[in-house]
Every structure is written in structure tokens, then in C-alpha cells.
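User: Please take a close look at one part of this model, the place where two side chains of opposite charge meet across the chain, and then work outwards from there to the rest of the fold. I would like one connected account, with the numbers kept in view.

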Amino acid sequence: MSDNILAAKQALQLAKQFRLAAVAVGDRVFSQWDAIPKKDRAQLQSLEVTLLNLATDLTTQAVGIALDDGKISLAALDRATESAREALKHIIDAKAMIGITTALIGLAATIPTGNLLGMIAAVKNLDDAVKASKSPPSENSRDHAS
């Protein structure tokens, strides 16, 4: 398992993935400003900042975390965050954006703990949020304009 200890360079790579995801949230909020209900905009902007802070923390807190490739790998974490970032670039539904961003935060917060089962669950939650975002938006998510 010692070959699977996150080095500083790998922690930086993960941090970059989460930072790019946070930027994608902010970009999407600004590009869809009028289409996103005010309450959802405020929540997304808060989540964006939280994700940025977690991304910054990952550069130091994730160094030395052991990953078990039989359970979860750096590549799996990269794929999950990249998939979420790509989805965020195209989503219009604010609730789906909130779901993905919240799942990203959950994953980013779990990595420094070294809890493999927690990371696996967080990746699954993120994958589920991305899949859900590809479903048609619910009527309720359009009716929350403030």
C-alpha cells in the first residue's frame, strides 16, 4: 500500500481538480444568472467558496493519505471530479448544480480523513448527482424564483 500514498504532487493534482470544479460552478452561475433563482444563486455562490477553500486545504491535508487501489484510486477520484466539472459546464437546473457541488464538497472533505469507505461513498454520491443532473429538471426547481 505504500506505493499508494498521496505525494505532494498528487495532492496538488486533486486540489486542482476541485478548484477547477469550483470555478465551473462560478462560471455557470454567472452565465445563467437570470435563469437561476436568487435563493439558489446565493447557495451556489456559498458552495463555490466552500469548495475553493477545501481545494486549497487539500494541497496540505491530503499529503500522506493512503489509497488502496483495490478500493479507490487517484484515477477514480480524478475521473469523478472531472465528470462533475464537465456536467457543471452544461447544467441549467440550479438544483442539479447544487446537488453536484454539494457532492463535490463531500468528496473533498472526505479525502484528508483517509477513510476509504467514506471516499468510496462520496464518489458514488457524486456519480449519482451527475447522473441525476442528466434527467429532466423537476417542475419544483423552476418554481423557486425569488
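Analyst: In this predicted model, the side chains of Asp40 and Lys95 meet in a salt bridge, with N and O 2.8 Å apart. The two partners belong to distant parts of the chain, since Asp40 lies in helix H2 (residues 38–61) and Lys95 in helix H4 (residues 94–110), with their positions 55 residues apart in the sequence. Their surroundings can be described by accessibility: Asp40 has a relative accessible area of 1% and is therefore classed as buried, the limit for that class being under 20%. Lys95, with 31% relative accessibility, counts as partly exposed, so the bridge joins a buried carboxylate carrier to a partly exposed lysine.

A second long-range relation starts from Asp40, this time in terms of the backbone. The C-alpha atoms of Asp40 and Ile98 are 7.8 Å apart in space, although 58 residues separate the two in sequence.

The salt bridge of Asp40 and Lys95 belongs to a set of three that a search of the whole structure finds. Another of them is formed by the side chains of Lys89 and Glu86, where the N to O distance is 3.0 Å. Here both partners count as partly exposed, Lys89 at 42% relative accessibility and Glu86 at 31%. Asp128 and Lys124 form a salt bridge as well, their closest N and O atoms being 2.8 Å apart. This pair is local to one element, for both residues lie in helix H5 (residues 116–133), four residues apart, or about one turn of the helix. Asp128 is partly exposed, with a relative accessible area of 32%.

From Asp40 one can also step along the chain to Arg41, whose charged end sits over the ring of Trp33, 4.3 Å from the ring centre. Trp33 in turn takes part in the one aromatic pair that the structure holds. Its partner is Phe30, and the pair is stacked, with 5.5 Å from centre to centre and 5° between the planes. The label "stacked" applies because the planes are under 30 degrees apart. Neither ring belongs to a buried residue: Phe30 is exposed, with a relative accessible area of 56%, while Trp33, at 32% relative accessibility, counts as partly exposed. Trp33 therefore has the ring of Phe30 as its stacking partner and the charged end of Arg41 over its ring, and remains partly exposed at 32%.

These contacts can be set against the fold. The secondary structure of the protein chain comes to six helices and zero strands, and the order of elements from the N terminus is accordingly α-α-α-α-α-α. Of the 146 residues of the protein chain, 44% count as buried, and Asp40 is one of the buried residues, at 1%.

Two packed helices are described by the angle between their axes and the distance between those axes. For helix H1 (residues 8–31) and H2, the angle is about 165° and the axes are 8 Å apart. H1 and H2 are therefore roughly antiparallel to each other, and H1 passes H2 in a left-handed crossing. H2 is the helix in which Asp40 has its place, so the description of this packing also concerns the helix that carries the acidic partner of the salt bridge with Lys95. Elsewhere, the axes of helix H3 (residues 74–88) and H5 come within 10 Å and cross at roughly 25°. That angle makes H3 roughly parallel to H5, and the crossing of H3 and H5 is left-handed. H5 is the helix that holds both Asp128 and Lys124.

Residues in the loops also approach distant parts of the chain. Ile72 has its place in the loop between H2 and H3, and its relative accessibility of 4% means that Ile72 counts as buried. The C-alpha atoms of Ile72 and Leu116 are 7.0 Å apart in space, while the two residues are 44 apart in sequence. Thr113 lies in the loop between H4 and H5, and with a relative accessible area of 54% Thr113 is exposed. The C-alpha atoms of Thr113 and Ile65 are separated by 7.7 Å, with their positions 48 residues apart along the chain. The two loop positions thus fall into opposite classes, Ile72 being buried and Thr113 exposed.

How values were computed:
Residues are numbered from 1 along each chain as its sequence is written. This is a predicted model: local features need pLDDT of at least 70, side-chain atom pairs count only at pLDDT 80 or more; totals for chains, interfaces and linings use all residues. Side-chain values use heavy atoms; hydrogens and water are left out. Rings of Phe, Tyr and Trp (its six-membered ring) pair if their centres lie within 6.5 Å; planes under 30 degrees apart count as stacked, over 60 as edge-to-face and the rest as tilted. Buried means under 20% relative accessible area, exposed over 50%, partly exposed in between (1.4 Å probe, protein chains only). A charge sits over a ring if NZ of Lys or CZ of Arg is within 6 Å of the ring centre and within 35 degrees of the ring normal. A salt bridge is a side-chain nitrogen of Lys or Arg within 4 Å of a carboxyl oxygen of Asp or Glu. Helices (H or I, at least four residues) and strands (E, at least two) are DSSP runs, numbered from the N terminus. Axes are lines fitted to C-alpha atoms, for helices over the stretch in contact, and angles run from 0 to 180 degrees between N-to-C directions. Angles under 35 degrees count as roughly parallel, over 145 as roughly antiparallel, 65 to 115 as roughly perpendicular and the rest as oblique. A crossing is left-handed if the near helix is turned anticlockwise from the far one by less than a right angle, and right-handed if clockwise.
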